[in-house]
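Work through the exercises below with the model open. Each task is followed by its solution.

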Protein chains: 2
Amino acid sequence: MKIPIGLADDHQLFLKSLGLMLESFGEYEVVVEALNGKDLQHKLAHQKTIPDLMLLDVNMPLMDGVETTKWLSATHPGIKLIALSMKDDDKAIIDMFKAGCCAYLLKDTHPTELEKALKEIRLKGYYNADASNVNFRRLLMKAEEKQDVILTVKETQFLSFACSELTYKQIAAEMNLSERTIDGYRESLFQKFHVQSRVGLCLEALRRGFVTL
Amino acid sequence: MKIPIGLADDHQLFLKSLGLMLESFGEYEVVVEALNGKDLQHKLAHQKTIPDLMLLDVNMPLMDGVETTKWLSATHPGIKLIALSMKDDDKAIIDMFKAGCCAYLLKDTHPTELEKALKEIRLKGYYNADASNVNFRRLLMKAEEKQDVILTVKETQFLSFACSELTYKQIAAEMNLSERTIDGYRESLFQKFHVQSRVGLCLEALRRGFVTL
DNA sequence: CGGCGTACCGGGAAAAACCCCGTATTTCTA
DNA sequence: TAGAAATACGGGGTTTTTCCCGGTACGCCG
């Protein structure tokens with residue numbers, strides 16, 4: 001009896017070909033393939049065989065890896081979750097582990113490494129590549145120090161305007177507010193982001209993903 | 001006799017599994033797999049079977065898709081080049097076509113679409129997904145207007161300082177120049193980037209990849 | 001040689017950004 | 001029901017940015 005395994009990745013080519021590869025290992029049978037978290041929710045609902053393992057891409061539209069991981073560990077705690085990502089992004093790794101996955105693999109992993117990882121997860125319940133194991137402590141530290149800042153709706157709105165060539169006067173007009181008011185938002189964001197100039201604010205906003213280029 | 005095909009992608013999992021998929025189509029034989037452009041150069045040098053088709057990832061370390069495409073179309077004009085990318089990035093598409101590839105496929109293409117594309121390329125010499133065909137003209141326009149700006153060494157240096165919380169006075173001190181001088185660099189960069197504020201400059205520098213977060 | 005481009009520097013002024021001092025409302029929650 | 005927290009606004013002020021004007025020095029080239 002083969003081990004049922006599930007896949008979620010928004011890149012169809014990768015999704016399908018990864019499936020082929022897993023089946024070529026001989027021990028696995030792909031029982032569910034999804035393009036994102038939402039898709040996976042629907043497919044699992046009408047699924048007779050629930051997979052033992054799930055490979056989840058971190059970056060997916062509609063419902064991303066983190067959300068999907070949270071949902072899966074809440075509703076299907078029996079499934080072992082493995083994060084798959086192309087970027088070696090500290091924040092993403094932390095988030096996935098916090099959400100409940102038990103391994104994080106990069107997409108440039110060698111197939112034999114993947115096979116080894118899957119075997120180890122089935123036996124020990126977890127797997128860590130040497131590299132990610134080493135600086136795991138550092139990652140957690142980093143995650144704590146840069147704790148998620150919570151912004152209000154207005155602050156978020158102002159922030160995206162601040163990351164443009166508009167002057168504060170123009171932003172005030174755009175938001176139908178007094179210059180003093182946006183002055184206040186600037187001030188509170190400077191504090192929350194620990195910066196002291198608009199350029200710094202802008203840079204931090206990009207780094208933290210509040211705005212995109 | 002099967003059709004020899006080559007692959008280049010820095011994500012090993014994708015590389016290997018895509019190979020499996022191509023071979024599962026029945027008509028193709030993967031004769032060369034590379035992790036980047038440099039790797040491909042070495043491997044092609046000691047290669048008895050030169051592939052008819054090459055699938056190239058756009059984003060690779062060491063030597064990326066664009067450079068690899070340029071090199072291949074210069075040294076192996078017989079190989080039909082197909083760009084593979086995960087991002088639907090206008091600039092990347094243009095660059096790859098300009099460098100000499102004859103098709104651009106997204107990684108979330110369906111496998112049957114890939115098979116169709118390969119067949120069409122072998123018959124007609126090119127392939128365009130409907131979507132990318134439609135706004136091709138628009139893309140070219142866009143590519144022209146944002147022509148590559150050439151920066152001097154000092155400008156580049158100043159630019160990275162400008163993308164920080166330093167004041168111009170501090171930057172001047174850092175670069176051992178007068179405030180007036182860096183004033184000149186600011187001015188010339190504003191012109192080159194078509195912006196009128198430091199925030200705009202900063203944003204453009206990021207967008208164009210002159211500085212990173 | 002004189003013209004030309006480049007890097008470099010200075011003064012001054014207007015605009016924008018930054019940073020205080022306040023007040024006042026609403027809304028939510030301990 | 002007191003008190004955060006979010007929202008909104010005003011009058012000051014300094015510093016920084018932005019944008020002009022002007023100039024010198026150096027090398028290159030026809």
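A residue is buried if its relative accessible area is under 20%, exposed if over 50%, and partly exposed in between (1.4 Å probe, protein chains only). The model is predicted: local features need pLDDT of at least 70, side-chain atom pairs count only at pLDDT 80 or more, and totals for chains, interfaces and linings use all residues. Residues are numbered from 1 along each chain as its sequence is written, chains are lettered from A and ligands numbered from 1 in the order in which they are written, and side-chain values use heavy atoms, with hydrogens and water left out.

**Exercise 1.** Describe chain A by its burial and its elements.

Solution. Step one: chain A has 213 residues, and 47% of them are buried. Step two: its elements are eleven helices and five strands, taken as DSSP runs numbered from the N terminus (helices H or I, at least four residues; strands E, at least two).

**Exercise 2.** Find the residues around DNA strand C.

Solution. Step one: use the cut-off for near, a heavy atom within 4 Å of the strand. Step two: 15 residues are around DNA strand C, and A:Tyr168, A:Arg198, B:Arg180, B:Thr181 and B:Tyr185 come nearest. Step three: of the strand's atoms within 4 Å of the protein, 67% belong to sugar and phosphate.

**Exercise 3.** Which atoms of A:Arg198 and B:Thr181 lie beside a phosphate oxygen of DNA strand C?

Solution. Step one: for A:Arg198, a backbone N or O atom lies 2.6 Å from a phosphate oxygen. Step two: for B:Thr181, a polar side-chain atom lies 2.7 Å from a phosphate oxygen.

Key. A polar contact is a pair of N or O atoms within 3.5 Å; within protein, one must be able to donate a hydrogen and the other to accept it, and residues adjacent in sequence count only if both atoms are side-chain atoms.
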